[in-house]
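This report describes a protein chain from its overall make-up down to single side-chain pairs. The sequence and the model are shown first.

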Amino acid sequence: MRTGRPKKSLAVKPADQEKLELLARRPKTAQRVAIRSKIVLRAAEGLPNQEIARQLGVTGATVGKWRERYRVQGMEGLSDEPRPGTPRKITDAKVEEAVTQTLESLPAAATHWSTRSLAEKVGLSQSAVVRIWNSFGLQPHRTETFKLSTDPYLVEKVRDIVGLYLNPPEHAIVLCVDEKSQVQALDRTQPILPLRPGLPEQRTNDYERHGTTSLFAALDIATGKVIGECHRRHRHQEFLKFLDLAPSHK
């Protein structure tokens, strides 16, 4: 028989459900916030307070407190109550703007936002941007690679190649040859996974090449002018031809 006061039913909004699940499982979420999110999620499933407390290793009073805070105030109720001190200067709108700019835009003439460039864009200090990125687990400067291979002999090929490095034949050397530097029109073999809270941008380590051109360039140190010519091939013949043409650009 159930004892104690009857608990009011707790319903989680669909929009809150996704946020709570993210906060509960994201590794960089503060432990106290993760516990509160798990409490609300389990309460919404209909579990009694004592069972939730047993599963999460907290007291029943703690479960009751955060369950009621969410029921009355929603997501705002899961944050810590304001403490005495200097009033907060950065509004929620500014925080949202910084996060949105980081996730959905790129700066001009750059591959990703830096703390300084984003601070200038949204009108915040660099230290404020650092705190916002840390709070949301944003790392636009990082990129990870992944590869989903459909080759049925992938394991055997990897074993053969790695084996050459780990245990090369006697009186032999192992050479790794890469392509020459060229300007290439590349397309990743899998769609790029965008930057998300707690996860850096992810892209495959291989690509499809849609054509190349070889760029020969020189700097006229007297005038500071850059001389450039594109050729279809990258051989010594093209390089000598470029040297002959370079003086005509002066």
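The text below covers the fold, the nonpolar cores, a surface patch, the salt bridges and the strand pairing.

**Overall make-up**

The model is predicted. Its protein chain contains nine helices and five strands. Read from the N terminus, the order of elements is α-α-α-α-α-α-α-β-α-β-β-β-β-α. Of the 250 residues in the protein chain, 24% are buried. The accessible surface of the protein chain amounts to about 18,500 Å², and carbon and sulfur atoms account for 54% of that area. Among contacts with a separation of 6 or more, 48% are between residues 24 or more positions apart.

**Nonpolar cores**

In soluble globular proteins, nonpolar side chains tend to be buried together. Which residues have the most contacts inside the largest nonpolar core? They are Leu20, Ile39, Val40, Ile52, Tyr70 and Leu78, in a core of 16 residues. Four helices each give two or more residues to this core: α1 (14-25), α2 (31-44), α3 (49-56) and α4 (60-73). Helix α2 supplies the largest share, with five residues.

A second core, separate from that one, has 13 residues, including Val99, Leu124, Ala128 and Val129.

Leu20 gives a residue-level view of the largest core. With neighbours within four places in sequence left aside, Leu20 is in contact with Val12, Ser37, Val40, Leu41, Met75 and Leu78. Two of these partners, Val40 and Leu78, are themselves listed among the core residues with the most contacts.

**A nonpolar surface patch**

Nonpolar side chains are also found at the surface. Leu154, Val158, Val162 and Leu166 make a nonpolar patch of about 360 Å². Leu166 belongs to helix α8, which covers residues 154-166. Is Leu166 buried or exposed? Leu166 counts as exposed because its relative accessibility is 71%, and the cut-off for exposed is over 50%.

**A buried strand residue**

Thr204 lies in strand β3 (residues 201-204). Its relative accessible area is 0%, so Thr204 is buried. Apart from its neighbours within four places in sequence, Thr204 is in contact with Thr145, Phe146, Arg188, Thr189 and Gln190. Of these partners, Arg188 is a residue of strand β2 (residues 183-188).

**Salt bridges**

The count of salt bridges comes to seven. The table gives three of them, with the distance between N and O atoms.

| Pair | N to O distance |
|---|---|
| Arg54 and Glu51 | 2.6 Å |
| Arg71 and Glu68 | 2.6 Å |
| Glu97 and Lys94 | 3.7 Å |

Arg54 and Glu51 are separated by about one helical turn, because they are three residues apart in helix α3. Arg71 and Glu68 are likewise three residues apart, both in helix α4, which is about one turn of the helix. In helix α5 (residues 92-104), Glu97 and Lys94 are three residues apart, so about one helical turn separates them.

The accessibility of these side chains can be given pair by pair. Arg54 counts as exposed at 58% relative accessibility, whereas Glu51 is partly exposed with a relative accessible area of 24%. In the pair in α4, Arg71 is partly exposed at 32%, and Glu68 is partly exposed at 35%. In the pair in α5, Glu97 counts as partly exposed at 32% relative accessibility, and Lys94 is partly exposed with 29%.

**Strand pairing**

How many bridges join strand β2 and strand β4? Strand β2 (residues 183-188) and strand β4 (residues 207-220) pair in the antiparallel sense over five bridges. One bridge places Asp187 opposite its partner Glu208 in β4.

Strand β4 also runs antiparallel to strand β5 (residues 225-231), to which it is joined by seven bridges. Here Leu219 has Val226 in β5 as its bridge partner. Strands β4 and β5 form a hairpin with four residues between the strands. In this hairpin, Gly224 takes a positive phi near 80°. Strand β4 thus appears in both pairings, with β2 and with β5.

Key
Residues numbered from 1 in each chain as written. Predicted model: local features only at pLDDT ≥ 70, side-chain atom pairs only at ≥ 80, totals over all residues. Heavy atoms only, no water. Core = buried A, V, L, I, M, F, W, Y, C linked by side-chain atoms within 4.5 Å. Buried < 20%, exposed > 50% of the residue type's maximum accessible area, 1.4 Å probe, protein only. Contact = heavy atoms within 4.5 Å. Patch = residues over 30% accessible without salt bridge, like charges linked within 9 Å, V, L, I, M, F, W, Y side chains within 5 Å. Areas by Shrake-Rupley, 256 points an atom, 1.4 Å probe, with all protein chains shown as cover. Salt bridge = Lys/Arg side-chain N within 4 Å of Asp/Glu carboxyl O. Pairing = 2+ DSSP bridges.
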